[in-house]
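Could you walk me through this protein, from its overall build down to a few single residues? Keep it relaxed, please, as I have not seen it before.

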Amino acid sequence: MTAGRRVGPGVAGRALPWLGGLLAVYLALPLVALAAHLVDLRSASRSGFAAPGLGGALAVSVLAATMATAVCAVLGVPLAYLLARHRGRLAALVGGAVLVPLALPPLMSGILLVSVLGPDTPVGRLFGGHLTDSLAGVVLAQVFVAAPFTVVAARSAFGAVEPALVDVAATLGLDAGRRLVQVWLPVAARGVAAGLALTWLRAFGEFGATVIVAYHPMSLPVYTYVRFGGFGLDQAMAPAVLAVAVALAMAVAGRLWRGSRRRLRTSPPGAAPGALRAAAPGRSVPGRSVPGRS
């Protein structure tokens with residue numbers, strides 16, 4: 001090969017757009033089929049929009065997914081922070097345990113949860129048997145299957161934080177808690193937020209574990225299963241449309257949030273986060289002298 005000769009994209013390079021486009025078409029086709037099916041039905045009664053319980057099932061799914069995401073944020077983000085900062089056998093074991101729900105079929109996850117939370121178990125008796133067939137059961141099932149999305153995404157985001165920023169914060173006198181709130185979380189915010197968004201969507205769409213742990217109150221996926229099994233495809237169209245609408249709304253909200261974050265970013269690339277800017281030269285830090293200030 002002659003030195004300096006430019007190599008063209010080749011067969012693989014030309015095939016990449018076709019391969020990616022093939023998957024995009026495959027993912028879009030069910031949405032097109034859904035829209036065509038709805039147009040063909042021509043009435044709300046035939047499509048299931050007038051069926052009883054649809055609004056309640058949607059409300060249960062939205063409320064439970066929001067509660068499950070809040071639990072994952074309160075418990076999963078600190079766990080991800082610890083896993084990102086520590087190495088060793090214990091961290092490896094915990095990290096592996098976090099991934100187990102991703103490998104399990106959701107129905108098996110439900111069976112495992114019932115063996116712990118069921119009314120005849122010690123934990124179930126402690127709560128009077130109210131951890132199954134209740135909103136609490138829906139939330140617990142969703143937390144089990146969706147928490148790995150929070151932990152994995154947040155752990156990767158924390159792992160990408162520049163160690164020099166944390167070291168500077170430590171030299172400026174910030175303790176571990178303030179470093180987490182004022183350095184780690186602001187820098188890793190986008191990754192953590194993406195993980196929480198995925199957690200909410202996974203919880204909203206959870207069926208397998210939920211149908212075993214808490215058949216009632218019906219979430220939207222369980223309601224869809226009941227309508228499809230009892231009345232056929234036409235009656236399952238309405239909850240499917242609602243689920244797609246919620247997913248699209250979340251996608252739009254995510255894009256709007258990212259756009260607002262970009263507009264709010266006025267600092268140049270590589271600038272320190274708020275805690276470090278507040279302790280920049282020329283400003284005082286309690287209990288510590290800062291160069292540039294007499």
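## A walk through the helices

Let's begin at one spot: at 35% relative accessibility, Ala247 counts as partly exposed, because that value falls between the 20% cut-off for buried and the 50% cut-off for exposed. Keep in mind as we go that this is a predicted model. You'll find Ala247 in helix α13, which covers residues 237-264. Follow the chain from Ala247 to Gly205 and you cover 42 residues in sequence, yet in space their C-alpha atoms sit 9.5 Å apart.

Now step back and take in the whole chain. The protein has 14 helices and zero strands, so reading from the N terminus you meet α-α-α-α-α-α-α-α-α-α-α-α-α-α, each counted as a DSSP run. Of its 294 residues, 31% are buried. And if you take the contacts between residues at least 6 apart in sequence, 73% of them join residues at least 24 apart.

What about the inside? In soluble globular proteins, nonpolar side chains tend to be buried together. Here, the largest nonpolar core has 20 residues, and the members touching the most others are Phe158, Val183, Trp184, Ala188 and Val192. Several elements each give two or more residues to this core: α3 (54-85), α4 (89-103), α7 (135-159), α8 (163-171) and α9 (176-187). The largest share comes from α3, with five residues. There is also a second, separate core of 19 residues, and Ala51, Phe204, Ala214 and Val246 are among them. Back in the largest core, have a look at Ala188: leaving aside neighbours within four places in sequence, Ala188 is in contact with Ala157, Phe158 and Val161.

Next, let's see how some of the helices pack. Two packed helices are described by the angle between their axes and the distance between the axes. Take α3 and helix α10, residues 189-204: their axes come within 8 Å and cross at roughly 140°. The crossing of α3 past α10 is right-handed. On the α3 side, the contact is made by Leu58, Ser61, Val62, Ala65, Thr66, Ala68, Thr69, Cys72, Ala73 and Val77. The α10 side brings Val192, Leu196, Thr199, Trp200, Ala203 and Phe204. Sorted by class, that contact of α3 with α10 has 12 nonpolar residues, four polar ones and no charged ones.

Our other pair is α4 and α7, which pack at an angle of about 130°, with their axes 8 Å apart. That angle makes α4 oblique to α7. The crossing of α4 and α7 is left-handed. From α4, the contact uses Gly95, Val98, Leu99, Pro101 and Leu102. From α7 come Phe144, Val145, Pro148, Phe149, Val151, Val152 and Arg155. By class, the contact of α4 with α7 has 10 nonpolar, one polar and one charged residues.

While we're at α7, stop at Ala147, which is found in that helix. Is Ala147 buried or partly exposed? Ala147 is partly exposed, because its relative accessible area is 22% and buried means under 20%. Not counting residues up to four places away in sequence, Ala147 touches Cys72 and Gln142. Ala147 and Val77 are 70 residues apart along the chain, and their C-alpha atoms are separated by 9.6 Å.

For a contrast, try Ser109 in helix α5, residues 106-117. Ser109 is buried, because its relative accessible area is 0%. Which residues does Ser109 contact, leaving aside its neighbours within four places in sequence? They are Pro101, Leu104, Phe144, Val145 and Ala209. Some of these names should ring a bell: Pro101 of α4, along with Phe144 and Val145 of α7, also takes part in the contact between those two helices.

Let's finish in the loops, with the backbone. Most residues other than glycine have a negative phi, and most peptide bonds are trans. Two places here go the other way. Asp133 has a phi near 50°, a positive value in a residue other than glycine, and you'll find Asp133 in the loop between α6 (122-126) and α7. Then there is the peptide bond from His216 to Pro217, which is cis, with omega near -5°. Pro217 has its place in the loop between α11 (208-213) and α12 (220-231).

How values were computed. Residues are numbered from 1 along each chain as its sequence is written. This is a predicted model: local features need pLDDT of at least 70, side-chain atom pairs count only at pLDDT 80 or more; totals for chains, interfaces and linings use all residues. Side-chain values use heavy atoms; hydrogens and water are left out. A nonpolar core is a set of buried Ala, Val, Leu, Ile, Met, Phe, Trp, Tyr and Cys residues joined through side-chain atoms within 4.5 Å. Buried means under 20% relative accessible area, exposed over 50%, partly exposed in between (1.4 Å probe, protein chains only). Helices (H or I, at least four residues) and strands (E, at least two) are DSSP runs, numbered from the N terminus. Contact means heavy atoms within 4.5 Å. Axes are lines fitted to C-alpha atoms, for helices over the stretch in contact, and angles run from 0 to 180 degrees between N-to-C directions. Angles under 35 degrees count as roughly parallel, over 145 as roughly antiparallel, 65 to 115 as roughly perpendicular and the rest as oblique. A crossing is left-handed if the near helix is turned anticlockwise from the far one by less than a right angle, and right-handed if clockwise. Ala, Val, Leu, Ile, Met, Phe, Trp, Tyr, Cys and Pro count as nonpolar, Asp, Glu, Lys and Arg as charged, and the others, Gly among them, as polar.
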